[in-house]
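This briefing introduces a protein structure to a reader who has not met it before. Please consult the sequence and the three-dimensional view alongside the points that follow.

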Amino acid sequence: MAAENSKQFWKRSAKLPGSFIKERSKVNTVPLKNKKASSFHEFARNTSDAWDIGDDEEEDFSSPSFQTLNSKVALATAAQVLENHSKLRVKPERSQSTTSDVPASYKVIKSSSDAQLSRNSSDTCLRNPLHKQQSLPLRPIIPLVARISDQNASGAPPMTVREKTRLEKFRQLLSSHNTDLDELRKCSWPGVPREVRPVTWRLLSGYLPANTERRKLTLQRKREEYFGFIEQYYDSRNEEHHQDTYRQIHIDIPRTNPLIPLFQQPLVQEIFERILFIWAIRHPASGYVQGINDLVTPFFVVFLSEYVEEDVENFDVTNLSQDMLRSIEADSFWCMSKLLDGIQDNYTFAQPGIQKKVKALEELVSRIDEQVHNHFRRYEVEYLQFAFRWMNNLLMRELPLRCTIRLWDTYQSEPEGFSHFHLYVCAAFLIKWRKEILDEEDFQGLLMLLQNLPTIHWGNEEIGLLLAEAYRLKYMFADAPNHYRR
């Protein structure tokens, strides 16, 4: 009976990553006195079905839990729906006349993300009377977390004088005969303008040479080399010794950013399959590991934006020419390979790189904020239970994709950004939620919070503050490791 209640709790409370609201069912709340019941294994058993794909479709709707809705409630609900729809028809006319009376200078929309948020909020208000009657969660088509655009994307406010100056500085650097990479890193640390991000990322990753005369030939050679690998190796995906690798890639790709329509297009998924399979067989020490599939997406979006003016999350890639798609695919492969070269011990057998980084995070947090560290110990929360994913996916499951792209501007500007600086970003990210962490007083509540941190509204400003705090921690501790050793 308890298992059924637990399962129903998860069905009712399913939420998107990054949209955690502090609501917990009494059924799943573990009393503080019963510490044995609050172990991670118990938590895992109680929530084993929480991440099953398509389990809603297999639900038995003839079960008693779905037969508790009587005819009176059904009629009342139907009447409420009709009333809400009639209100919807009247409201747009009123709102249109109201906005038309307002001067254009007063119509301020920060970004397309904010507009989406306001639409979602109004929809939620209208659905509230029905919320208690619904057994299955409402899933918006493109929630705010899926918005990829940043402050430089189309639909954003016009660039300020400072932003125009920065863009001009980038263009001067990139067009010089030999680009000064140190200066480019310095300029890129606070963020790269969207217009020059593709070429900047190619240079910072080491994929393109600093000399402008060599760039065109290098791109041509590397792209041909990649498609040479496709011809040589891709057909071997059906061979017995590669079948397991290809099968796992094939399973993971549809789960990559499932809320963004761009990544659900068959053509995009085929591109990702080729990139990941070729990388895996060329790196037999690690092979393919779940989580690597996420690391392709920022590169793919950035190189796609070179050919697309509008927001890319709904863009149909079949509108691009074959040459454009081939360039995007090859560049994504090589830049992802450069990234993974620096963190490959994260993905070798037993993932020792991640184990070390999680241990280092624990030691660092114990010195930075002993109260938070002791709070975890009191409720038997192990850092590996939440920080493994932070290291394995480079916080990509914790942040909207637009924030990841901004974060990677800085990572590529930092020496060992993805391997070393990332540790301090994770520490700053954890301490950012110290109040919410200290408010939770049981194991389950802490795990739920740490796995669903509310970053859905985050943008460049929040990432900038996070990076500033991470830099401060690095400045204090990186050159003095005894500061965080007991």
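**Core and helix packing**

Leaving aside neighbours within four places in sequence, Leu262 is in contact (heavy atoms within 4.5 Å) with Val268, Phe300, Val301, Leu304, Val312, Glu313, Phe315 and Val317. The model is predicted: local features need pLDDT of at least 70, side-chain atom pairs count only at pLDDT 80 or more, and totals for chains, interfaces and linings use all residues. Residues are numbered from 1 along each chain as its sequence is written, and side-chain values use heavy atoms, with hydrogens and water left out.

**Nonpolar core**
- The largest nonpolar core (buried Ala, Val, Leu, Ile, Met, Phe, Trp, Tyr and Cys residues joined through side-chain atoms within 4.5 Å) has 113 residues.
- Helix H17 (residues 417-432) gives the most to this core, namely eleven residues.
- Leu262, Phe376 and Trp408 have the most contacts inside the core.

**Helix H11**
- Because eight of the eight residues of helix H11 (residues 297-304; helices are DSSP runs of H or I, at least four residues, numbered from the N terminus) are buried (under 20% relative accessible area, 1.4 Å probe, protein chains only), H11 is largely enclosed by the rest of the structure.
- The buried residues of H11 pack against helices H7 (197-204), H10 (266-282), H12 (322-342) and H16 (401-411).

**Helices H13 and H15**
- H13 (residues 352-368) and H15 (residues 384-392) have axes that come within 9 Å and cross at roughly 120 degrees.
- The contact involves residues of both helices, including Ile354 and Leu361 of H13 and Phe388 and Met391 of H15.

How values were computed. Axes are lines fitted to C-alpha atoms, for helices over the stretch in contact, and angles run from 0 to 180 degrees between N-to-C directions. Helices (H or I, at least four residues) and strands (E, at least two) are DSSP runs, numbered from the N terminus. Buried means under 20% relative accessible area, exposed over 50%, partly exposed in between (1.4 Å probe, protein chains only).
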